[in-house]
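Open the model in your viewer and get ready to select a few pieces, one after another. At each stop you will read what to pick and what to look for.

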Amino acid sequence: MNDARIRTHPILGELPPRKEIRFAFNGIPMQGLEGETIAAVLLAQGIRTLRYHEASGRPRGIFCNIGHCMECRVTVDGIDGIRACLTTIKEGMEIHAGRKLPAPLKRGGVTP
Amino acid sequence: MTDIVIIGAGPAGLSAAAVCAEHQLKVLVIDEFMKPGGRLLGQLHREKNGTWWNGWEESASLTRRAEQSGADIRLQTSVYHLQSDHQGWNVYTSAGIIKTPYVLLATGAAEIPVSLPGWTLPGVMTVGAAQVMANVHRVKPGNRGIIIGLNILSFAIARELQLCGVEWEAMVLAPNAMLHPLYASPRHAADLFARTAHLAPAFWMRAGGKLLSFSWAKTLTVRFFPKSGVNVWGIPVRLRHAATEIIGKEQVEGVRIVEVDADGAPKPGTERDIPVDFVCVSGGLYPLAELAAVAGCPLRYIPELGGHIPLHNEHLETPLKGLYVAGSITGIEGAKVAMAQGRVAGLSIAFHHRKGDRRLQEELLHAVRDVHQTRESAPIQFHPRITEGRKAMKELWNAAHHNG
């Protein structure tokens, strides 16, 4: 597997072998290792964008990685607002990136 | 029935848990993270004697000790409110409300964000985020990056991340005026070097650069700054450059930097773009005191301790009955001080619970002394005036106490 996982580390040593977990991100089937967070497993495969801002539609990814900033929230098995940095992947998990929301009443519903 | 709920399974919380459990209290430790250890988990640095401080292993041994003593550690559980009634404390968690006579807040600290244009792009993260990604989750946060913000934490993490193959294009100053003045200007960055060089020569010697031989580091004379920066562990540390913007469309593509004068004011026309694939920002740390605030605990603003701190005494009691604090919530310091404070809080609670056991009182006195000793022998201080900050809190406590 060619990914960003740190398998050998000069001080921390070898990454212990772990069970493979299957999940899906935005409908695409993927694999990760047991115990990995959603943020870590996606970054390992080069995916940084975890949501698009609800109003501006600009891409967002992890920022603090420890649950404080709420930037990495995704939808997990239909529940939205789940922090990707604190949630570990489970077999069959369906994860979706947050999307820009429609704002039909913005500026009184008048399109400029 | 739980005797004590400890919020935060970091070095302070786990140490307190072991002490309380060893004194036959029924202990419950709650933490949001999936592993116990708190921010200790990702720490990795060389000690004065040349051995490695491996936060992962330290966390494992603290956890083992707490669990073997009988403490229950509940992970991936969030605490969102804290309220007292005539029976004690109600701890509101994502897994229900827990009643307890004693609560220890060992919530630690969070990073102060550095906001500049482009800071929301994927690939921009705090230095702490990168540390956790690499050393805890074992995923490389990026290949070649820039660190924006010069402070003790960003230097330590820059070094740690080199161990897993991350390359640093440069470390530059954060944009002026939006940060704590301590971190914003070349003058203050030089001050940091000089002060830490004096406090802990071994740290900068190990840093590989011969920083102590630089005349500016000794004299604090800003005009002697080398414009090209100084080299620390092979990383160009640019004391005369600040970031103005992070560039990229869908993710980080580079950083725009500008030359600044000794006070941090940018020189027009000196901007240039440096291509990188990720960016770490670092504005320092602040104590996580929200739960103390919602509980109704008075806070005091002490910049030397990192910001707003719950009022507390040396036994780590707050003015609220049954509410205690330990670790970085009492002031930003390292893991060893947090561990020593955890011991104080644990003994303090056990002493109160046992209604004045003479032997416990002696142990408590000992533990308080140990906190001072640990602080004095720490290789590096997050804030050079930490001792003054601790003294200020002591005086504020005494003032509040005497006024009734």
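Start in chain B with two helices: α1(B) passes α2(B) in a left-handed crossing. Before you zoom in, keep in mind that you are looking at a predicted model. To find the pair, select residues 11-22 of chain B for α1 and residues 55-68 of chain B for α2. Their axes come within 8 Å and cross at roughly 25°. Angles under 35 degrees count as roughly parallel, so α1(B) and α2(B) are described as roughly parallel to each other.

Now show the side chains where these two helices meet. From α1(B), pick B:Pro11, B:Leu14, B:Ser15, B:Ala17, B:Ala18 and B:Ala21. From α2(B), add B:Leu62, B:Thr63, B:Arg65 and B:Ala66. If you colour this contact by residue class, you get 7 nonpolar, 2 polar and 1 charged.

**Next stop: another partner for α1(B)**

Keep α1(B) selected and add helix α10, residues 335-353 of chain B. How are α1(B) and α10(B) crossed, left-handed or right-handed? This crossing is right-handed. The two axes come within 7 Å and cross at roughly 35°. On the α1(B) side, the residues in contact include B:Gly13, B:Ala16, B:Val19 and B:Cys20. On the α10(B) side, look for B:Ala338, B:Met339, B:Gly342 and B:Leu347, among others. The residues of this contact divide into 13 nonpolar, 5 polar and 1 charged.

**Next stop: a sheet in chain B**

Switch to a cartoon view and find β6, β7 and β8 of chain B, which form an open sheet of 3 strands in the order β6-β7-β8. The pairing is antiparallel. Which strands stand at the edges of the sheet? Select 79-85 for β6 and 96-100 for β8 of chain B: these are the edge strands. Each has a single partner strand, so one side of each is left without a neighbour in the sheet. Turn the view and look for the twist, which averages 20° from one strand to the next.

Then select β7(B), residues 88-93, which 6 bridges join to β6(B). For one spot to zoom in on, B:Asp85 stands opposite B:Gly88 in β7(B).

**Next stop: a buried proline**

Select B:Pro175, in the loop between β13 (167-173) and α5 (181-184) of chain B. Is B:Pro175 buried or exposed? A residue is buried if 20 or more other C-beta atoms lie within 10 Å of its own; B:Pro175 has 22, so it counts as buried. Leaving out residues up to four places away in sequence, B:Pro175 touches B:Leu116, B:Ala242, B:Ala243 and B:Thr244. Draw a distance from B:Pro175 to B:Leu116, C-alpha to C-alpha: they are 7.3 Å apart in space but 59 residues apart in sequence.

**Next stop: a hairpin in chain A**

Move to chain A and select residues 73-76 for β7 and 79-83 for β8, which pair in the antiparallel sense over 3 bridges. A:Arg73 has A:Arg83 in β8(A) as its bridge partner. The two strands form a hairpin with 2 residues between them. In the turn, click on A:Asp77, which has a positive phi of about 45°.

**Last stop: where the chains meet**

Finally, show both chains together. The contact takes 28 residues from chain A and 29 residues from chain B. On the chain A side, α1 (38-44) and β6 (59-60) each supply at least two residues. The largest share, 3 residues, comes from α1(A). By class, this side of chain A has 15 nonpolar, 8 polar and 5 charged residues.

Methods. Residues numbered from 1 in each chain as written. Chains lettered and ligands numbered in written order. Predicted model: local features only at pLDDT ≥ 70, side-chain atom pairs only at ≥ 80, totals over all residues. Pairing = 2+ DSSP bridges. Helix = DSSP H or I, 4+ residues; strand = E, 2+ residues; numbered from the N terminus. Axes fitted to C-alpha atoms, helices over the stretch in contact; angles between N-to-C directions. Parallel < 35°, antiparallel > 145°, perpendicular 65-115°, else oblique. Left-handed = near helix turned anticlockwise from the far one by under 90°. Contact = placed C-beta atoms within 7 Å. Nonpolar A, V, L, I, M, F, W, Y, C, P; charged D, E, K, R; others polar. Buried ≥ 20, exposed ≤ 12 C-beta atoms within 10 Å, placed from the backbone.
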